[in-house]
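Please open the model in your viewer, set it to a cartoon view, and keep the selection tool at hand. The tour goes from one selection to the next and says what is found at each stop.

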Amino acid sequence: MLFRKVMSNLQRTVYVWSEVHDLLPCLRSSLPELNFKQIRLAEECKKCTEILPEEIEIMKDAEILIADTSVISKILDYIPNMKWVQSTWAGVEAIFRNFDKNKIPKFIVTKLGNEGFADYMAEYIIAQIIINERKFYEMWDDQKENKWTRREIERGRLLENLTVGILGVGTIGKRVAKFLKQRGSIVYGFAKRPRTVEEFGDFDNIFTDISELLKQCDYICNVLPSTSETNGLLNGNTLQKCLKDPVFINIGRGDIIKEADLIHALNEKWISRAVLDVFETEPLPSDNPLWKTPEVIITPHIGAITQHHQVAECFKENYKRFISGRELLYTIDWNKGY
């Protein structure tokens, strides 16, 4: 008891290295008992891409760090005493691009995975479905040409008339499914290993065979992370399995399908439209043919933007677990790559 009392009076230092604006004051307000130290100002994070010698020196003593995934990927060899790193991003594939599986770190990395972040992505998908069904994009094109065209929007379907397939049944996939089920959609999920609908209650079925899901859906929404298993999942003629001219919405990662294969699928009418928020190369080069493909809608990776309060909430919950010795939420698996 005496040891615990002494430890409680010591102010633990947590280092912060992120471009998320206003994160530091939000963290201090959320956990005033901790000493938060910012390594680099948020506005300086994008300007300086190299790790500076003085920053390496600071990192030698750090035990807890809150950082962007892009930062974590660069400092793996410079944090010998680290116990836990909380990422400010939901995606962590940057860590694994040059990762040596023979040198697995001893510390834990947790990703941003709270429901608030997932809600942004769910709303993006819902918005794009409604825009497509109500022909809003076509109306905006008409407006540019001063055209008054009453399109046959009566053929636009309500959410309750749609079958939506979600590639990925993790935190984000489950949240998307919940939104859709509230409006009466039939929702199918895709997972690499068998899952039960009892475990994931908002899915009507969860497939491990991608072909079976593609055959039945009006919309196909990818929220999968980038891993060796998901890379190229829809490559080649995979989308030829689609039977209902679905719309493909991608807010997961761009490497799930080669862009040339996606354009081919559109040309062959296997899918009717592609709404893309993520790409093989970002920013999307100005000469990329996707810009000129009529059936493609492009957004600049804004499906969800990290908010400072989301990071603070996620860190606070995990910090409670950390000091009590419980398992942390949203922990990445060094062997699986996510």
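For the stops below, two residues are in contact when they have heavy atoms within 4.5 Å of each other. Please keep in mind throughout that this is a predicted model.

Begin with helix α6, residues 115–133, and helix α8, whose axes come within 8 Å and cross at roughly 50°. An angle between 35 and 65 degrees is neither roughly parallel nor roughly perpendicular, and α6 and α8 are therefore oblique to each other. Their crossing is right-handed. To see the contact itself, show the side chains of Glu115, Ala118, Asp119, Met121, Ala122, Glu123, Ile125, Ile126 and Ile129 in α6, which meet Thr171, Ile172, Arg175, Val176, Phe179 and Leu180 in α8. The residues of this contact divide into ten nonpolar, one polar and four charged.

Keep α8 (residues 171–182) selected and add strands β6 and β7 (186–190), because the helix lies across both of these strands and runs at about 170° to β6.

Next, select the whole sheet, in which seven strands follow the order β8-β7-β6-β9-β10-β11-β12, forming an open sheet with parallel pairing. Its edge strands are β8 (205–207) and β12, each of which pairs on one side only. Neighbouring strands of the sheet are turned by 20° against each other on average, if direction is ignored.

Now narrow the selection to strand β9, residues 219–222, where Tyr219 and Cys221 on one side and Ile220 and Asn222 on the other are all buried, so that both faces of the strand are covered. On the way to β6 (residues 163–167), which runs parallel to β9, you will find four bridges, and Val164 has Tyr219 as its bridge partner in β9. Towards β10 (residues 247–250), four bridges again join the strand to a parallel partner, and here Asn222 stands opposite Asn250.

Moving on from β10, select β11 as well: these two strands run parallel and are joined by four bridges, with Arg273 in β11 as the bridge partner of Val247.

The last stop is helix α10, residues 259–267. Which of its residues are buried? They are Glu259, Asp261, Leu262, Ile263, Ala265 and Leu266, and what covers them includes β10, β11 (273–276) and β12 (296–298). Just after α10, select Lys269, which takes a positive phi of about 65°.

Technical notes
Residues are numbered from 1 along each chain as its sequence is written. This is a predicted model: local features need pLDDT of at least 70, side-chain atom pairs count only at pLDDT 80 or more; totals for chains, interfaces and linings use all residues. Side-chain values use heavy atoms; hydrogens and water are left out. Buried means under 20% relative accessible area, exposed over 50%, partly exposed in between (1.4 Å probe, protein chains only). Two strands pair if DSSP finds at least two bridges between them. Axes are lines fitted to C-alpha atoms, for helices over the stretch in contact, and angles run from 0 to 180 degrees between N-to-C directions. Angles under 35 degrees count as roughly parallel, over 145 as roughly antiparallel, 65 to 115 as roughly perpendicular and the rest as oblique. A crossing is left-handed if the near helix is turned anticlockwise from the far one by less than a right angle, and right-handed if clockwise. Ala, Val, Leu, Ile, Met, Phe, Trp, Tyr, Cys and Pro count as nonpolar, Asp, Glu, Lys and Arg as charged, and the others, Gly among them, as polar.
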